[in-house]
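Q: Please take a close look at the early part of this chain for me, and then go on from there. A connected walk-through would suit me best.

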Amino acid sequence: MRALQEIRELAAKAHADTNHFYAKVYPYSLHLNWVESVANRYMYLVRMPEAFHDMMRATAQLHDTMEDARLDYWDVVRIADCELVADAVYALTNPKGKSRKEKNSPEYYAGIREN
């Protein structure tokens with residue numbers, strides 16, 4: 001996997017390149033860093049070897065790049081240099097839906113749990 005700091009920078013750049021801001025004012029990296037901090041807070045609940053923790057942090061940084069930053073699965077593989085991270089980002093990408101209920105369907109959450 002690519003170095004985590006480089007992934008952070010590339011995730012921020014992907015959002016900046018699409019003029020994507022958080023709360024219409026802040027660089028989107030603020031949101032990405034918050035998501036990573038929440039992942040860090042609850043990392044102890046995940047029963048995985050510590051070697052996977054940086055992959056989880058990378059997933060937090062890249063979690064909505066397919067949805068918001070016009071990247072596809074293979075772009076995320078190239079950024080992270082890791083298919084496991086791209087698989088997790090893909091699982092977190094909301095499908096189309098006219099409402100939050102349609103987008104966050106039981107199938108969506110099943111895909112996250114499976115990953």
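A: Let us start with the word for cover: buried means under 20% relative accessible area, exposed over 50% and partly exposed in between (1.4 Å probe, protein chains only). This is a predicted model, in which local features need pLDDT of at least 70 and side-chain atom pairs count only at pLDDT 80 or more, while totals for chains, interfaces and linings use all residues. Numbering runs from 1 along each chain as its sequence is written, and side-chain values use heavy atoms, with hydrogens and water left out.

Our walk begins with Arg 2, which is partly exposed at a relative accessible area of 26%. Its partner in a salt bridge (Lys or Arg side-chain nitrogen within 4 Å of an Asp or Glu carboxyl oxygen) is Glu 6, and the closest N and O atoms are 3.0 Å apart. Glu 6 is also partly exposed, with 34% relative accessibility. A little further on, Lys 13 and Asp 17 join their side chains in another salt bridge, at 2.7 Å from N to O. Here Lys 13 is partly exposed at 43%, whereas Asp 17 is exposed at 51%.

Next comes Asn 19, in the loop between H1 and S1 (helices are DSSP runs of H or I, at least four residues; strands are runs of E, at least two; both are numbered from the N terminus). Asn 19 is not a glycine, yet has a positive phi of about 55°. Its relative accessible area of 60% makes Asn 19 exposed. Beyond S1, Ala 23 sits in the loop that leads to strand S2 (26-27). Ala 23 too has a positive phi, near 55°, without being a glycine, and at 51% relative accessibility Ala 23 is exposed.

Between those two loops we meet an aromatic residue, Tyr 22, in strand S1 (residues 21-22). Tyr 22, Tyr 28 and Trp 34 make up one aromatic cluster. Rings of Phe, Tyr and Trp (its six-membered ring) pair if their centres lie within 6.5 Å: planes under 30 degrees apart are stacked, over 60 edge-to-face, the rest tilted. The model has four aromatic pairs by this rule. One of them joins Tyr 22 and Trp 34 edge-to-face, with 5.3 Å between the centres and 85° between the planes. Because Tyr 22 belongs to strand S1 and Trp 34 to helix H2, this pair ties together parts that are 12 residues apart in sequence. How covered are the two partners, Tyr 22 and Trp 34? Tyr 22 is partly exposed at 28% relative accessibility, and Trp 34 is partly exposed at 43%. Tyr 108 and Tyr 109 pair as well: their ring centres are 5.1 Å apart and their planes stand at 65°, so this pair is edge-to-face. Tyr 108 is buried, at 12%, while Tyr 109 is partly exposed, at 39%.

Back to the charged side chains: the structure holds five salt bridges, among them one between Arg 57 and Asp 54, whose closest N and O atoms lie 3.0 Å apart. These two residues are three apart in helix H3, and therefore about one helical turn separates them. Asp 54 is partly exposed, with 35% relative accessibility.

Our last stop is helix H5 (residues 73-80), whose buried residues are Tyr 73, Val 76, Val 77, Ile 79 and Ala 80.
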